Amino acid sequence: MQILVDADVFPGVIVDILYRTVEHVRVPLILISNKHIKIPQSLYISTITVSAGFDVADNRIVAMVQPGDLVITADIP
């Protein structure tokens, strides 16, 4: 299992909760965004920066997701 987040417009307070949670449960968290995101040093937290454009981050998430993953986004139905 991994957690994939469309981080382009994700609320910072929720990201902080996710950071603490993934460290506790040891589940990979991947933040996908079209801009650089500063993250804490962690074995479980990483980022992927995609080019700017309509649905670029969403399309990367769709390409990466596997059964059992958790996806957090506001715009994939």
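The chat below walks through a predicted model, moving from its cores to its surface and loops.

Student: Where should I start, and which residues have the most contacts inside the largest nonpolar core?

Tutor: This is a predicted model, so please read everything I say as a description of that model. Its largest nonpolar core has 13 residues, and those with the most contacts inside it are Ile3, Val5, Tyr19, Leu29 and Leu31.

Student: Which elements each supply at least two residues of this core?

Tutor: Strand E1, which covers residues 3-6, does so, and helix H1 and strand E2 do as well. The largest share, four residues, comes from H1.

Student: And what does Leu31 touch, leaving aside its neighbours within four places in sequence?

Tutor: Leaving those neighbours aside, Leu31 is in contact with Val5, Ala7 and Tyr19, with Ile37 and Ile39, and also with Ser46, Thr47 and Ile48.

Student: Which residues does the second core include?

Tutor: That core is separate from the one we just discussed and has six residues, including Ile30, Ile32, Val50 and Ile61. As a general background to both, nonpolar side chains tend to be buried together in soluble globular proteins.

Student: Changing topic to Ala57, where is it, and is it buried or exposed?

Tutor: Ala57 sits in helix H2, which runs over residues 56-64. Ala57 counts as buried because its relative accessible area is 4%, whereas the cut-off for buried is under 20%.

Student: Which residues is Ala57 in contact with, not counting those within four places in sequence?

Tutor: With those set aside, the contacts of Ala57 are Asp6, Asp8, Ile32 and Val50. For Ile32 there is also a distance to look at: Ala57 and Ile32 are 25 residues apart in sequence, while their C-alpha atoms are 5.9 Å apart in space.

Student: Asp8 caught my eye, so which side chain makes a polar contact with the side chain of Asp8?

Tutor: That is the side chain of Ser33, and the polar contact between the two side chains is 2.8 Å. Ser33 belongs to strand E2, residues 29-33.

Student: Why does Ser33 count as buried?

Tutor: Ser33 counts as buried because its relative accessibility is 1%, and the cut-off is under 20%. Apart from neighbours within four places in sequence, Ser33 is in contact with Ala7 and Asp8, and with Ile48, Thr49 and Val50.

Student: How far is Ser33 from Ala52 in space, C-alpha to C-alpha?

Tutor: Those C-alpha atoms are 8.5 Å apart, and the two residues are 19 residues apart in sequence. Ala52 lies in the loop between E3 and H2, and Ala52 counts as exposed at 64% relative accessibility.

Student: Which residue in that loop has a positive phi near 65°?

Tutor: That is Asp55, a residue other than glycine with phi near 65°, and Asp55 is in the loop between strand E3, residues 45-49, and H2. Asp55 is partly exposed, with a relative accessible area of 28%.

Student: What about Arg26, where does it lie, and what is its phi near?

Tutor: Arg26 lies in the loop between helix H1, residues 12-25, and E2. Phi of Arg26 is near 60°, again a positive value in a residue other than glycine, and Arg26 counts as exposed at 60% relative accessibility.

Student: Pro28 lies in the loop between H1 and E2 too, so what does Pro28 touch, not counting residues up to four places away?

Tutor: On that basis Pro28 touches Met1, Gln2, Ile3 and Tyr44. Pro28 is partly exposed, with a relative accessible area of 34%, and the C-alpha atoms of Pro28 and Ser42 are separated by 9.6 Å, although these residues are 14 residues apart along the chain.

Student: On the surface, which residues form a nonpolar patch?

Tutor: Val13, Ile14 and Ile17 form it, with about 240 Å² of accessible area together. Among them, Ile14 lies in helix H1 and counts as partly exposed at 35% relative accessibility.

Student: Last one, where is Asp75, and which residues does it touch?

Tutor: Asp75 is in the segment after strand E4, which covers residues 70-72. Not counting residues up to four places away in sequence, Asp75 touches Asp6 and Asp58, and Asp75 is partly exposed, with a relative accessible area of 44%.

Key
Residues numbered from 1 in each chain as written. Predicted model: local features only at pLDDT ≥ 70, side-chain atom pairs only at ≥ 80, totals over all residues. Heavy atoms only, no water. Buried < 20%, exposed > 50% of the residue type's maximum accessible area, 1.4 Å probe, protein only. Contact = heavy atoms within 4.5 Å. Polar contact = N/O pair within 3.5 Å; in protein donor to acceptor, adjacent residues only side chain to side chain. Patch = residues over 30% accessible without salt bridge, like charges linked within 9 Å, V, L, I, M, F, W, Y side chains within 5 Å. Areas by Shrake-Rupley, 256 points an atom, 1.4 Å probe, with all protein chains shown as cover. Salt bridge = Lys/Arg side-chain N within 4 Å of Asp/Glu carboxyl O. Core = buried A, V, L, I, M, F, W, Y, C linked by side-chain atoms within 4.5 Å.
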